[in-house]
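User: I would like a close look at a single part of this model, the arrangement of its strands. Please begin with a little background on the whole chain and then stay with that part.

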Amino acid sequence: MHIILELLLLVGIIIYSYLESLVKFFIPRRRKSVAGQTVLITGAGHGIGRLTAYEFAKRKSRLVLWDINKRGVEETAAECRKLGAIVHVFVVDCSNRMEIYNSVDQVKKEVGDIEIVVNNAGAIYPADLLSTKDEEITKTFEVNILGHFWCNIRVVLNLRVELNCRSKLENSGDRRGEALNQVQLDNEQVNGQQVQINKRQMDKLMAIGQIYNGDKLS
Ligand SMILES: NC(=O)c1ccc[n+]([C@@H]2O[C@H](COP(=O)([O-])OP(=O)(O)OC[C@H]3O[C@@H](n4cnc5c(N)ncnc54)[C@H](O)[C@@H]3O)[C@@H](O)[C@H]2O)c1
């Protein structure tokens, strides 16, 4: 009896899915625009990362391309520029936590906030288990797993710092000078990491503070 009910449920789900696809075929959902958005793609020097970069370039995103292979990533960048995109290239080893943190901070300073991250970099050792060397297994985890965490953590952390700053300023009323000092102090302690807002962000936050207080912007 149980199995008949499960089969009926399955048939129902299949019919519903087909109907849904049919409706969406004629009334497609509006796609999100990524034009002008800053997209970080790791492992952009070859394969899927490179092809992903081309797709974002065609959609006029601002690209930040990372790879350990300088030549590969520069080739990708050249092709993306031909497609009309603004491209920033960084040589980064995505198995190295501090290098990732420093590179995310450098991108923030030189390019601005990262809005989309494509964690694509991967170390691939196609061999059976017993032929794979210990250090290759370690590297696979460092790049394909840990590297993604380090990258995401730092990007989100930087965004959180900015959001914290914004909210502090917006709530500071006519004491925004104090709020800005506090923001700088706080930023040294976020998540036990040394994260600091840079001059450009500070100017941006000052501007927000001024708007909030109804002052005229210079
Ligand atoms: N191709 C497939 O069939 C397939 C299937 C499943 C998953 N994947 C995953 O998709 C991703 C891309 O695969 P691909 O086939 O395009 O691989 P690929 O080898 O063609 O490209 C990987 C890119 O990552 C870069 N890279 C490697 N180690 C790096 C490091 N330490 N720091 C920075 N960059 C580094 C390489 O230089 C290269 O440009 C990988 O994470 C892979 O595990 C691929």
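Analyst: Accessible area is computed here by the Shrake-Rupley method with a 1.4 Å probe, and for residues only the protein chains shown count as cover. On that basis the protein chain has an accessible surface of about 14200 Å², and carbon and sulfur atoms account for 59% of that surface. This is a predicted model, in which local features need pLDDT of at least 70 and side-chain atom pairs count only at pLDDT 80 or more, while totals for chains, interfaces and linings use all residues. Residues are numbered from 1 along each chain as its sequence is written, and side-chain values use heavy atoms, with hydrogens and water left out.

The protein chain has 218 residues, and 35% of them count as buried (under 20% relative accessible area, with a 1.4 Å probe and protein chains only). Among contacts (heavy atoms within 4.5 Å) with a separation of 6 or more, 63% are between residues 24 or more positions apart.

Seven helices and four strands make up the list of elements in the protein chain; these are DSSP runs numbered from the N terminus, of at least four residues (H or I) for helices and at least two (E) for strands. Along the sequence they follow the pattern α-β-α-β-α-β-α-β-α-α-α.

Now to the strands themselves. Four of them form an open sheet with parallel pairing, where two strands pair if DSSP finds at least two bridges between them. Across the sheet, the strand order is β3-β2-β1-β4. Strands β3 (86–91) and β4 (116–118) are at the edges and have a single partner strand each, so each has one side without a neighbour in the sheet. From one strand to the next, the twist averages 15°.

One pairing can be followed at the residue level. Strand β2 covers residues 62–67 and is joined to β3 by six bridges, and the two strands run parallel. One of the bridge partners is H88 in β3, which is matched with V64.

Two helices lie across these strands. Helix α2, residues 47–58, lies across β1 (38–42), β2 and β4, and α2 runs at about 170° to β1. Such angles, from 0 to 180 degrees, are taken between N-to-C directions of lines fitted to C-alpha atoms, for helices over the stretch in contact. Helix α3, residues 70–82, lies across β2 and β3, and its angle to β3 is about 175°. Strand β2 thus appears beneath the entries for both helices, α2 and α3.

Definitions and conventions:
Buried means under 20% relative accessible area, exposed over 50%, partly exposed in between (1.4 Å probe, protein chains only).
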